Structures are given as structure tokens and as C-alpha cells.
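User: I'm new to reading protein models and would like a close look at one spot, then a sense of how the rest fits around it. Could you take me through it step by step?

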Amino acid sequence: MATQAARGEGRVSPVFLGLVAIMAVSIWAVWTDFSASPGFAVFLFVVSTWIVSLCLHEYAHARTALHGGDITVGAKGYLTLDPLKYTHALLSIVLPVIFVIMGGIGLPGGAVFIEQHRIRSRWKQSLVSAAGPLSNLVFAGIISAPFWLGLMDGVPDHFRYALGFVVLLEVTATILNALPIPGLDGFGVIEPWLSYNTRRQLAPYAWIGLLAVFGFLQIAAVNHAFFDMIDAILRTLGVTEWDTYWGQQLFRFWEGTPDIPPLNAIDLG
């Protein structure tokens, strides 16, 4: 059975546990304002949380593929949550972090190699691709819960802003990665249903999908329209533009610590 084949190959890796530890320490540093540079603490919190979510994204692909029939994912180390096991470290970790630093955009990269011929049906192949964005959607719902449950009263301002910025990254990751563009998971959902010739013609362009989306978002009109949509979605979750703006400003610690007005002096309603 697939589960038996992967037994012993799905232990959580020390690398992932180290990322979780960094995330936990950075949360404590932001919450207590312990760090001499609050921006650097926010940077560590955002980047570590973002990478943890990337690991969960790829794990969702691998776990779904395992149950779909690809028993090779265990031997490849994909079930350990270790980002160093991914097929393309540049695409899976480095580029997504660069996208966050440059544009405040959450965009997961391609990482795990699934042997599609082992997946038992086209529906399951589509589900393998959909599992990644769905994991970002679930993660966004969980980390935004303090906002939409009204539990942010008394929470330190810097932590509120950092968490709001992470929610923004997860929401943008969910939406952008669901686009039906070669190289993104949205295309992977529809790819099994395309003709062989169509898939073969589009295959050479898969590697530029991430870069094309990021480049397209640099067009001012597109960027404004996209983030207007994202802000509208975030407002339904209780996350305001004030939260995400100052979260990103704190994240960019190399520009200095921003002079943020007290939250209690601002009407966020």
C-alpha cells in the first residue's frame, strides 16, 4: 500500500523543525518587542512563516500524490517537509522570498516532481495540483482567525502588522498560484484535460510562468487593480490596509524603523 511504502520516509525533518523554531522565537521577539530592531524581528517572523507555509504547500502536493498512486514521493523526501529535498531550490524557496522582498507578493515556486503517469486518474492529477493553493487558503484562514474572530484587542501593534502582512502573502499566493498559467498550479489543474499536442507545445514555457506573473504585476495599472482586489478580500477577514502597509514597512528593516502612529489614535472601522 502507498502508506506502507512511505512508512519511515515521512518523518518531519530537522530542517523544518529548525524553521518552526526560528518562527517561534521571532514571534516572541516581535510580541515582546525584545529585539533592538523591531523591523529585523518582523523580517524573521515573516520570512520564516512564509517558508514554513511553502513547505506545507509542497507537502500537500506530495501527500495528495502519494494517495493518488505516486509512491515515489516518500523516497524523494517530499513527505519530510524538508525544503532542501525539493527539485528546484531556486524556484521553490529563493525566488518566492525574493518576490516578497521586492514586491510584497506571495508566489510559491515549483518544487516537487510528481510522476504523473503513476496517478490513477485525471481527476486525481488535477487534485494533486489543486492541493498546493488549497493549503495556502487553509493557512490564510487559520492565521487570519484572530482578525475575523475579533481577538486582536490588546495584541502588540508590531505583531498585528506583521501577522496582517503574512495574511496578505498567503491570500496573494492562493490567488496567483491558482491562475491557469504554465508553471503555476492552476495550469496543473487543467493540464490533464488538455490534448497531448497542447501540453507538449506549452511545456517549454512552464519555467517562465512565475517570472511572467511577477513581471506583469509590475505594470502600475495591473498592480493597483490586483491589490485593490486583495485589500477587499482582506477586509472581509478583518485585516485592514493599515495593518498590511505597516507590516510591510516594518518588514523592510533595511530602510530603517518607520515612525508608526499609535493604533489607538486611528479609526480602523
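Which word fits aspartate 33: buried, partly exposed or exposed?

Analyst: Happy to help! This is a predicted model, in which local features need pLDDT of at least 70 and side-chain atom pairs count only at pLDDT 80 or more, while totals for chains, interfaces and linings use all residues. Residues are numbered from 1 along each chain as its sequence is written, and side-chain values use heavy atoms, with hydrogens and water left out.

Aspartate 33 is partly exposed, because its relative accessible area is 45%. On this scale, buried means under 20%, exposed means over 50%, and partly exposed is in between, using a 1.4 Å probe and protein chains only. You will find aspartate 33 in the loop between helix 2 and helix 3. Helices here are DSSP runs of H or I with at least four residues, numbered from the N terminus.

The backbone is worth a look too. Most residues other than glycine have a negative phi. Aspartate 33, however, has a positive phi, near 60°. Leucine 81 is also a non-glycine residue with a positive phi, about 65°. Leucine 81 sits in the loop between helix 4 (72-75) and helix 5, and it is buried, with a relative accessible area of 9%.

Now for the two helices beside aspartate 33. The largest nonpolar core has 70 residues, and Val73, Leu234 and Phe251 touch the most other members. Such a core is a set of buried Ala, Val, Leu, Ile, Met, Phe, Trp, Tyr and Cys residues joined through side-chain atoms within 4.5 Å. Helix 2 (14-32) and helix 3 (38-68) are among the helices that each supply at least two residues of this core. Helix 3 gives the largest share, 14 residues.

Phenylalanine 251 has contacts (heavy atoms within 4.5 Å) that, leaving aside neighbours within four places in sequence, include Gly39, Val42, Phe43 and Phe165.

Finally, compare a residue from another helix. Isoleucine 233 belongs to helix 12 and is partly exposed, since its relative accessible area is 30%. Beyond its neighbours within four places in sequence, isoleucine 233 is in contact with Val171 and Ile175. Valine 171 is 62 residues away from isoleucine 233 in sequence, yet their C-alpha atoms are 8.3 Å apart in space.
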